[in-house]
Number of protein chains: 2
Amino acid sequence: MKIPGWHDVLAAHDRIAEWVHRTPVLTCRAIDRIAGCEVLFKCENFQKAGAFKFRGATNAVFAMDRTLAGKGVATHSSGNHAAALALAAANRGIKARIVMPETAPPVKKKAVSDYGGEITLCAPTLEAREKTLEEVVARTGATFVHPYNNFDVISGQATAAKELIEEAGRLDIVMVPVGGGGLLSGTAITVKNMSNGTLVIAAEPENADDAFRSFRIGVLQPALPPNTVADGLLTALGPLTFRIVKEYVDDIICASEQGIIDAMRLVWERMKIIIEPSSAVPLAVMLANRELFAGRRTGIILSGGNADLDNLPF
Amino acid sequence: MKIPGWHDVLAAHDRIAEWVHRTPVLTCRAIDRIAGCEVLFKCENFQKAGAFKFRGATNAVFAMDRTLAGKGVATHSSGNHAAALALAAANRGIKARIVMPETAPPVKKKAVSDYGGEITLCAPTLEAREKTLEEVVARTGATFVHPYNNFDVISGQATAAKELIEEAGRLDIVMVPVGGGGLLSGTAITVKNMSNGTLVIAAEPENADDAFRSFRIGVLQPALPPNTVADGLLTALGPLTFRIVKEYVDDIICASEQGIIDAMRLVWERMKIIIEPSSAVPLAVMLANRELFAGRRTGIILSGGNADLDNLPF
């Protein structure tokens with residue numbers, strides 16, 4: 001199990017630069033006052049397809065050699081990775097085959113098909129998703145691009161923190177949310193290479209705390225049935241992301257559901273930008289643990305902006 | 001009735017530059033595709049106090065001589081001008097006395113008092129507002145800063161279009177929403193001075209179409225009881241703003257309520273930024289009149305971001 005190195009991140013950044021937005025880093029004095037520290041928000045909610053996932057998907061798609069790429073890519077996902085992979089594949093002019101549970105929200109299915117992705121529906125269980133994907137891959141020869149437990153995906157996600165540090169300069173802490181750990185492990189690789197001494201802290205919903213438990217125990221824990229408003233963080237760490245997390249991440253701290261909802265609303269009201277619930281988890285952790293962050297210059301990656309406007313949690 | 005000239009706008013911009021945000025100009029390829037033209041959005045939803053109103057209020061407050069300023073400023077408003085004037089006065093270290101209807105939303109009252117404004121409540125009629133304001137002014141010697149029918153306020157609002165053109169370059173059309181006409185008349189002065197040949201088109205809710213009717217007839221029309229989701233556009237043109245509108249504005253076009261709501265949602269979903277309903281009126285006009293805008297490079301000023309998250313229209 002090879003871990004991406006700094007040269008892999010640099011290569012990924014070169015590879016994807018023409019396809020991804022270099023998203024802005026925003027600050028908000030009102031939130032600084034409330035938090036008691038300086039917070040720099042890297043706005044991946046403004047990324048194409050609405051989330052950082054487009055970085056990893058683009059890197060994976062464009063890193064493939066031409067023969068392999070010709071057979072297309074495939075994945076199972078009901079969320080941001082599905083749309084991101086469909087758009088990345090469209091940009092390369094290859095097919096994306098996406099296995100989605102029948103129960104996925106229509107808006108998510110529409111995003112995938114709008115980008116030209118070919119959807120195969122399946123029963124809403126992990127088993128059905130994996131089995132259907134296997135069939136699709138066997139039938140088409142498409143390459144499976146895992147949403148996070150994938151070398152090239154992690155290298156791509158690592159570029160968000162690279163841009164954050166390039167723009168923000170010295171940070172005491174970098175925080176990201178953790179679900180499957182793609183953004184977290186990529187961020188950790190970048191921070192430890194660009195700014196050793198900066199702490200990497202992951203934020204996880206306490207109602208989906210498998211990464212927290214795995215990190216504490218040192219052994220990969222399965223996701224108990226998660227039940228959180230942060231619907232982008234329902235997945236569990238994989239072997240590769242867990243290995244990187246164990247090696248490079250300084251801490252994982254959990255946030256309450258109400259804290260996540262309050263933090264999300266605070267960003268909407270004060271910054272006038274739309275973030276999805278998963279993006280609010282780091283700020284929720286910060287506001288519930290002020291003593292840890294007091295006076296420390298902290299970068300937060302706002303992971304995505306695909307909030308469901310018909311089902312707001314506040 | 002003196003109309004602000006270009007030198008007044010330049011002076012206003014110098015005066016307020018250290019106090020206001022130079023807000024970004026954003027583009028969105030998805031909206032360009034939908035609209036069939038290139039749209040550049042000047043994001044005053046990110047302005048301090050959440051709306052362009054802070055420009056005019058700041059200019060009015062800092063243009064006052066020291067003696068006059070010492071007695072403070074006053075206004076009646078239940079909306080963005082109230083908060084903007086309170087913050088501008090706080091920045092100069094003088095008092096702001098704000099007459100608000102008892103029925104104003106608690107969040108609006110809180111914004112004013114958070115900025116240090118002194119609130120006097122009154123009955124929710126224009127008569128009560130004006131009478132209460134007169135009493136406050138008589139008692140305190142404060143200077144009344146009208147929300148739009150005011151030379152310095154108009155000069156301040158004109159600076160948003162100046163920044164837009166400085167950043168965007170040549171535009172075929174500039175669009176803004178119109179309520180009392182402060183933003184519109186300021187924008188028109190700027191456009192005609194910086195970019196003669198660029199059309200200035202105002203967008204008004206058809207359910208509050210007094211400016212449209214006044215413009216067509218050439219005589220100032222009163223606001224019929226307006227009933228629109230665009231709660232920042234309930235006011236009618238004043239004598240000064242109407243004079244400027246007659247002289248410099250090329251057209252006023254109305255938008256339906258459903259069109260405004262759809263345009264607002266489109267901006268939220270595609271740009272991931274929060275705008276209030278009033279800000280969506282120009283885009284609503286554009287999407288209902290595609291033939292007018294096809295292929296024309298159009299700047300739109302997004303007037304504010306103070307949407308009521310507990311009462312979304314969609």
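## A look around a two-chain model

In helix H10 (residues 210–217) of chain A, five residues are tucked away from the outside: Asp210(A), Ala211(A), Phe212(A), Ser214(A) and Phe215(A) are buried. Keep in mind that this is a predicted model. What do the buried residues of H10(A) pack against? They pack against strand S8 (199–205), helix H11 (239–248) and strand S9 (251–255) of chain A. Right after H10(A) comes Gly218(A), and its phi is positive, near 85°.

Let's move on along chain A to helices H12 and H13. Helix H13 covers residues 281–288, and 6 of its 8 residues are buried, so the rest of the structure largely encloses it. The buried ones are Val281(A), Pro282(A), Leu283(A), Ala284(A), Val285(A) and Met286(A). Helix H12 (residues 257–271) of chain A packs with H13(A) at an angle of about 105°, and their axes are 8 Å apart. The two helices are therefore roughly perpendicular to each other, since angles from 65 to 115 degrees count that way. On the H12(A) side you'll find Gly259(A), Ile260(A), Ala263(A) and Val267(A), which meet Val281(A), Leu283(A), Ala284(A), Leu287(A) and Ala288(A) of H13(A). Sorted by class, this contact has 8 nonpolar residues, 1 polar residue and no charged ones.

Between H12 and H13 of chain A there is a loop, and Lys272(A) is found in it. Is Lys272(A) buried or exposed? Lys272(A) counts as buried because it has 22 C-beta neighbours inside 10 Å, and 20 or more is what it takes. Lys272(A) also has a phi near 60°, a positive value in a residue other than glycine.

Chain B has a residue worth a look for a similar reason. Ala49(B) is not a glycine, yet it has a positive phi of about 60°. Ala49(B) is found in the loop between strand S2 (39–43) and helix H3 (53–63) of chain B. Ala49(B) is buried too, with 24 other C-beta atoms within 10 Å.

Here are the two helix pairs of this report side by side.

| Helix pair | Angle between axes | Distance between axes |
|---|---|---|
| H12(A) and H13(A) | about 105° | 8 Å |
| H1(B) and H8(B) | about 85° | 8 Å |

The second pair belongs to chain B: helix H1 (residues 6–16) packs with helix H8 (residues 151–168) at an angle of about 85°, their axes 8 Å apart. That makes H1(B) roughly perpendicular to H8(B). H1(B) brings Asp8(B), Val9(B), Ala12(B), His13(B) and Ile16(B) to the contact, while H8(B) brings Ser155(B), Gly156(B), Ala158(B), Thr159(B) and Lys162(B). Those residues divide into 4 nonpolar, 4 polar and 2 charged.

Now for some buried spots. The largest nonpolar core has 203 residues, and the ones with the most contacts inside it are Leu85(A), Ala86(A), Leu85(B) and Ala86(B). Which residues does Leu85(A) touch, leaving out residues up to four places away in sequence? They are Ala57(A), Val73(A), Thr75(A), Ala96(A), Ile98(A) and Val145(A).

Ala60(A) sits in helix H3 (residues 53–63) of chain A. With 29 C-beta neighbours inside 10 Å, Ala60(A) counts as buried. Ala60(A) and Leu85(A) are 25 residues apart in sequence, and 8.9 Å separates them in space, C-alpha to C-alpha. Not counting residues up to four places away in sequence, Ala60(A) touches Val145(A), Asn150(A), Asp152(A), Val153(A) and Gly156(A).

Over in chain B, Val245(B) is part of helix H11 (residues 239–248). Val245(B) is buried as well, with 22 C-beta neighbours inside 10 Å. Beyond residues up to four places away in sequence, Val245(B) touches Gly181(B), Leu184(B), Ser185(B), Ala188(B), Ala211(B), Phe215(B) and Leu237(B). Gly304(B) is 59 residues from Val245(B) along the chain, and their C-alpha atoms are separated by 21 Å.

Finally, how do the two chains fit together? A turn of 180° and a shift of 0.0 Å along the axis lay chain B on chain A with an RMSD of 0.0 Å. The two copies are thus related as by a two-fold rotation axis. Which residue of chain B comes closest to the rotation axis? It is Ile273(B), at 2.1 Å (C-alpha).

Where the chains touch, 12 residues of chain B are in contact with 12 residues of chain A. The chain B side of this contact divides into 6 nonpolar, 3 polar and 3 charged residues. The copies meet through the same surface, because 100% of the interface residues of chain B are also interface residues in chain A.

Note on methods. Residues numbered from 1 in each chain as written. Chains lettered and ligands numbered in written order. Predicted model: local features only at pLDDT ≥ 70, side-chain atom pairs only at ≥ 80, totals over all residues. Contact = placed C-beta atoms within 7 Å. Nonpolar A, V, L, I, M, F, W, Y, C, P; charged D, E, K, R; others polar. Axes fitted to C-alpha atoms, helices over the stretch in contact; angles between N-to-C directions. Helix = DSSP H or I, 4+ residues; strand = E, 2+ residues; numbered from the N terminus. Parallel < 35°, antiparallel > 145°, perpendicular 65-115°, else oblique. Buried ≥ 20, exposed ≤ 12 C-beta atoms within 10 Å, placed from the backbone. Least-squares fit on C-alpha atoms with pLDDT ≥ 70 in both. Core = buried A, V, L, I, M, F, W, Y, C linked by C-beta atoms within 7 Å.
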